[in-house]
Amino acid sequence: RSRVLSGIQPTSNSFHLGNYLGAVRQWVDLQDDFDAFYFIPDMHAITVSYEPKELRERTRRSVAQLLAVGVDPERATIYVQSHVPEIAQLTWVLSCITGFGEASRMTQFKDKSARQGTDAAGVGLFTYPILMAADILAFEIDRVPVGEDQRQHLELTRDLAQRFNTRFGATFTVPQPHIVKEFAKIYDLQNPTAKMSKSAASDSGLINLLDEPKRSAKKIRSAVTDTGRAIIFDPVEKPGVSNLLTIQAALRGVQVDELVSAYAGKGYGDLKVDTAEVLTEFVTPLRGRVAELTEDPGYIDSILAAGAERARGVAAATLATVYDRVGFLAPA
Ligand code: TYM
């Protein structure tokens with residue numbers, strides 16, 4: 001069976017709507033037809049400033065959110081990155097075939113290091129994409145469901161896989177990004193030409209799935225819309241309206257076109273009120289499920305233990321091949 005893999009960082013108390021619509025929702029769909037590997041990259045999370053105690057809580061809470069949205073531990077292998085040490089071991093080998101200039105061109109590194117000040121930024125932030133390549137290449141992955149902002153990292157991963165294969169012989173599967181165009185970039189509600197992100201200057205354009213629904217509904221009702229009155233899908237002329245249409249269509253499972261026809265003759269106010277309502281209906285049961293799941297850390301830990309065992313089995317086999325190909329002497 002073909003394999004998919006993806007990860008979501010435990011850097012916040014809640015997934016946001018961009019994480020869900022751009023990526024995690026696809027994870028749920030793909031687990032039916034693929035051998036799925038879904039994980040929490042806690043090692044990536046320590047590349048920026050953080051609190052150890054929070055990290056541990058957020059790691060479990062991220063798993064609870066995955067389960068709550070429908071990731072199924074019976075079908076998908078769910079694990080925490082640091083529980084699979086072979087990933088870090090593979091990172092070293094890959095870092096030795098990555099160009100310094102190549103790594104310097106990663107736009108996410110440039111953005112994040114600029115935000116922290118280049119001196120404050122750690123080397124881990126710089127090598128982050130190489131760790132991400134190891135996440136994927138350790139498991140013979142065919143497709144990686146992510147949002148648009150991860151595309152460049154996926155290209156690096158493909159380049160490294162091909163470079164290794166050329167230099168040392170066919171070893172790695174070269175993965176394809178799985179990016180669903182309509183939902184690959186959900187925008188900030190207050191600044192609808194920038195992606196929705198938890199690191200935005202203000203959080204008034206950010207919808208956290210686990211926030212109080214009233215608070216999120218209010219944010220949607222206060223979303224920036226555009227000049228004019230007609231509700232049409234036009235991301236260039238009407239980025240705010242188009243973003244709300246995308247969000248509502250995604251949550252209701254209908255096409256944007258259908259939605260646009262239904263809004264003929266109606267105003268922006270209607271679009272906002274309805275979108276707020278659809279969101280409330282979606283997050284209310286979700287919050288309940290996450291609350292229940294976080295009360296049972298033992299259950300989550302048991303899923304993670306099983307996931308780590310399966311993941312380690314696969315990654316250890318890849319690593320053994322890699323160590324052999326690069327010429328390491330096998331321990332006697
Ligand atoms: P992270 O944790 O920042 O985000 C998780 C997923 O959410 C997507 N995403 C969005 N999609 C649409 N619109 C948005 N506004 C939006 N914001 C975030 C991201 O593209 C991502 O798919 N480096 C990764 C985590 C990672 C990973 C991996 C992913 C580590 N190793 C291996 C895939 C494979 C990250 O920071 O995602």
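Guide: Before we start: a cavity here is a set of grid points where a 1.4 Å probe fits but cannot get out. Also, this is a predicted model.

Visitor: Okay, so how much space lies in the largest cavity?

Guide: About 40 Å³. The count comes to one cavity of 30 Å³ or more.

Visitor: Which residues line that largest cavity?

Guide: Gln108, Phe109, Lys112, Leu125, Tyr128, Pro129 and His153. By class, that lining splits into four nonpolar, two polar and one charged.

Visitor: And which helices supply at least two residues each?

Guide: Both α6 (107–116) and α7 (123–137) do that for the largest cavity.

Visitor: Let's stay with α7. At what angle do α7 and α8 cross?

Guide: Roughly 65°, and the axes of α7 and α8 (residues 151–168) come within 9 Å. That makes α7 roughly perpendicular to α8, since angles of 65 to 115 degrees go under that heading. The crossing of α7 past α8 is right-handed.

Visitor: Who touches whom there?

Guide: On the α7 side you have Tyr128, Pro129, Met132, Ala133, Ile136 and Leu137, and they meet His153, Leu154, Leu156, Thr157, Leu160 and Ala161 in α8. That contact has 10 nonpolar residues, two polar and no charged. Tyr128, Pro129 and His153 turn up in this contact, and they also line the largest cavity.

Visitor: Switching topic: how do α4 and α13 pack?

Guide: α4 (residues 86–95) and α13 (residues 297–326) pack at about 25°, with the axes 9 Å apart. So α4 is roughly parallel to α13, as angles under 35 degrees count that way.

Visitor: Left-handed or right-handed crossing?

Guide: Left-handed, as α4 passes α13.

Visitor: Which residues in α4 meet α13?

Guide: Glu86, Gln89, Leu90 and Val93. Their partners in α13 are Arg312, Ala315, Ala316, Leu319, Val322, Tyr323 and Val326. By class, the contact of α4 with α13 has eight nonpolar, one polar and two charged residues.

Visitor: Now pockets. What volume does the second largest pocket have?

Guide: About 360 Å³. It is lined by 17 residues.

Visitor: Which ones lie nearest its centre?

Guide: For the second largest pocket, those are Lys181, Glu182, Lys185, Tyr187 and Phe233.

Visitor: How does its lining break down by class?

Guide: The second largest pocket has eight nonpolar, three polar and six charged residues in its lining.

Visitor: And where does the largest share of that lining come from?

Guide: From α10, with four residues. Both α10 (239–252) and α11 (256–262) supply at least two residues each to the second largest pocket.

Technical notes
Residues are numbered from 1 along each chain as its sequence is written. This is a predicted model: local features need pLDDT of at least 70, side-chain atom pairs count only at pLDDT 80 or more; totals for chains, interfaces and linings use all residues. Side-chain values use heavy atoms; hydrogens and water are left out. On a 1 Å grid over the protein atoms alone, a cavity is a set of points where a 1.4 Å probe fits but cannot get out, and a pocket is an open set with protein on both sides within 12 Å along at least five of seven lines; lining residues have an atom within 4 Å of a point. Grid points are joined across faces, edges and corners, and a volume is the space filled by probe spheres set on the points. Ala, Val, Leu, Ile, Met, Phe, Trp, Tyr, Cys and Pro count as nonpolar, Asp, Glu, Lys and Arg as charged, and the others, Gly among them, as polar. Axes are lines fitted to C-alpha atoms, for helices over the stretch in contact, and angles run from 0 to 180 degrees between N-to-C directions. Angles under 35 degrees count as roughly parallel, over 145 as roughly antiparallel, 65 to 115 as roughly perpendicular and the rest as oblique. A crossing is left-handed if the near helix is turned anticlockwise from the far one by less than a right angle, and right-handed if clockwise. Contact means heavy atoms within 4.5 Å.
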